[in-house]
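Please look over the sequence and the model that follow. The text after them moves from one pair of aromatic rings outwards to the whole chain.

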2 protein chains.
Amino acid sequence: MQQLRPSNCMLGSSSIIRRQHFLIRVLGCSSNNQTHHHQYRMNSMICGSGLEADALGILRSVTPALDPSRYKGQAGKIAVIGGCREYTGAPYFSAISALKIGADLSHVFCTKDAAPVIKSYSPELIVHPILEESYSVRDEDKRSISDNVLAEVAKWMERFDCLVVGPGLGRDPFLLDCVSNIMKHARQSNVPIVIDGDGLFLVTNCLDLVSGYPLAILTPNVNEYKRLVQKVLNHEVNDEDAPQQLLSLAKRIGGVTILRKGKSDLISDGETVRSVSMYGSPRRCGGQGDILSGSVAVFVSWARQYISSGKGESAMNPMILGCIAGSALMRKAASLAFENKRRSTLTGDIIECLGRSLEEICPVSC
Amino acid sequence: MQQLRPSNCMLGSSSIIRRQHFLIRVLGCSSNNQTHHHQYRMNSMICGSGLEADALGILRSVTPALDPSRYKGQAGKIAVIGGCREYTGAPYFSAISALKIGADLSHVFCTKDAAPVIKSYSPELIVHPILEESYSVRDEDKRSISDNVLAEVAKWMERFDCLVVGPGLGRDPFLLDCVSNIMKHARQSNVPIVIDGDGLFLVTNCLDLVSGYPLAILTPNVNEYKRLVQKVLNHEVNDEDAPQQLLSLAKRIGGVTILRKGKSDLISDGETVRSVSMYGSPRRCGGQGDILSGSVAVFVSWARQYISSGKGESAMNPMILGCIAGSALMRKAASLAFENKRRSTLTGDIIECLGRSLEEICPVSC
């Protein structure tokens, strides 16, 4: 049987004077480590409605006040690693979403072919054409190019509050090698990494990249989750007991945070499981996962600031808070866009609703 | 005399509880195969108002319900083969129309020159820069490049619900050779193919590509239709008896479906003839045919799901249903755009009306 450690239940208190209340109401006796008690709590947590996070309360708590005395960068500097000859939309969606939610700077590190196209989508982004795919690289040059790629990203690394790895990355082996190096460097620098899309393909085949790194967040969709479960748990996906399986998976990868996307989003760090079911839209156009990765990146940055400033309870995992807030905002924006555009809703329409959604949940004046 | 087999008349019943009623009301005794009876039915079908399809009823029937438990891709994955150094607008119009109608993913396979431009029109599309034109290819490389092009498309083929071949394809002989190979592969994979524009130029000169393939749809305009009739029937276009000639043409090409665009759109698979005359606009700006090809691709995908799920009568040809629904939606969007923009109506204005048109005909909640 899965060993369960005590876990705090993340039911945030929604309050006008936010940042002054604890987010987490500890259910039962969290310091009691008798196994039967844990099992009782686990059962109530994963079977009942108690699984649902107070997503709006969390979102309001971690979103920083806007203060004219703050300067550029303090509200978040995000970098997206992705964009290749084939894919350019995904990194754009992720990076622009981060800005629309309130990050101050959003970078994209992509291949040389992808850069002019991504730049053309928006002058708001900073796009670095540094990655290379195998077709444009001779074998004898690979080592030096790989070193250069890492050096180019490394000189920026300390400035980033969060990395998103994967949107439109593609699966070129040489490119993925370079991205592995970037991830190792980010890890050494203690920069959180949100991993989606082809980044999950990379990580599923090389779990060491994230295993045991508490600042890693995986955001798999139904197919990506299936591959991850098969690889890590050597098992099929169990929808009957989805929260327990997700918890086991996150624990097995050494406490990374996993946001399993679906009709409800399920989130676990191997210690606790929470779900976000509010809002949402039945439209499944490609690109929505990219909004989510950008959104989670911003809220993870904010949640870490929130926790480190001593406003929240230190036992709270800011990765979980960031996932809950990011999921809630994305779902709200998707529902607003769908109300208006119905079947013709595209990812760009949802991005246009991010600002209004955030303002409705968490007005600037509050 | 043309042999006529019994054909079901596609007068769909419009109903609030759609998908539970048969679309086709069999006129007369469809199992009666006495020749005079067929001739009587054929005459009534092609001369009277009975030719007009219940396009709105069909559109409502085949459009799938939106269900939050569905995941990305289930509402349709479309690929457009087209876009070259000269033409980039046409494949964009076709592919973006598919998304705006409700497909989940829309790909474009085009030349390397065309790709950055098509990508820059919208980050919503997945654009593959894989085709080559003669000017950029040495004779000794043609074989290997042709193989690579096919391999690149082939690895995606199984995932596509429908291909659109032709928008902005151009007429470069080497490129058309590569596209012939793609069409052969699609046919082996039983993927429906909507053929328009320069795809019709290719097919008219090489009828074997589609002859006898029941999942092929040709969407000729007046000039393309004229060339097709001359080539296949060795005859001039006969506007006096247009439905009969269209029926003969479709039958002679082995039961492909033909959508003859005009003031009224006429549709036949060699078994039946239907027309769509509702809505429409007097504006004839270029690009409207591209919207239609993308629209037909989505509705054909949906109509096949609808029939294979047992909701419709199995005798119905989903190609015909898809053409009728695609034509009706396009005509409605064109009429809405024209109401607003009058002589200045452009193709992009019509695309912006696709979502509202679909919602007015078939509201999401219904």
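In this predicted model, A:Phe299 and A:Trp302 are both buried. The two residues belong to helix H10 of chain A, which spans residues 288-308, and they are 3 residues apart, about one turn of the helix. Their ring centres are 5.3 Å apart and their planes meet at 85 degrees; since an angle over 60 degrees counts as edge-to-face, the pair is edge-to-face.

This pair may be set beside another in chain A. The rings of A:Tyr92 and A:Phe93 have centres 5.7 Å apart, and their planes stand at 50 degrees, so this pair is classed as tilted. A:Tyr92 has a relative accessible area of 14% and is therefore buried, the limit being under 20%. A:Phe93 is buried as well, with a relative accessible area of 2%. Ring pairs join A:Tyr92 and A:Phe93 with A:Tyr121 into a cluster. Over all chains, the count of aromatic pairs comes to 10.

Aromatic rings also meet charged side chains in chain B. B:Arg85 lies over the face of B:Tyr135, at 3.8 Å from the ring centre. B:Arg159 is placed over the face of B:Trp156, at 4.4 Å from the ring centre.

The view can now widen to chain A as a whole. Its secondary structure consists of 13 helices and 9 strands. Chain A has 366 residues, of which 61% count as buried. Of the contacts in chain A between residues at least 6 apart in sequence, 70% join residues at least 24 apart. The accessible surface of chain A is about 14,400 Å², and carbon and sulfur atoms account for 49% of this surface.

Notes
Residues numbered from 1 in each chain as written. Chains lettered and ligands numbered in written order. Predicted model: local features only at pLDDT ≥ 70, side-chain atom pairs only at ≥ 80, totals over all residues. Heavy atoms only, no water. Helix = DSSP H or I, 4+ residues; strand = E, 2+ residues; numbered from the N terminus. Buried < 20%, exposed > 50% of the residue type's maximum accessible area, 1.4 Å probe, protein only. Contact = heavy atoms within 4.5 Å. Areas by Shrake-Rupley, 256 points an atom, 1.4 Å probe, with all protein chains shown as cover. Phe/Tyr/Trp six-rings, centres within 6.5 Å; stacked < 30°, edge-to-face > 60°. Lys NZ or Arg CZ within 6 Å of the ring centre and 35° of its normal.
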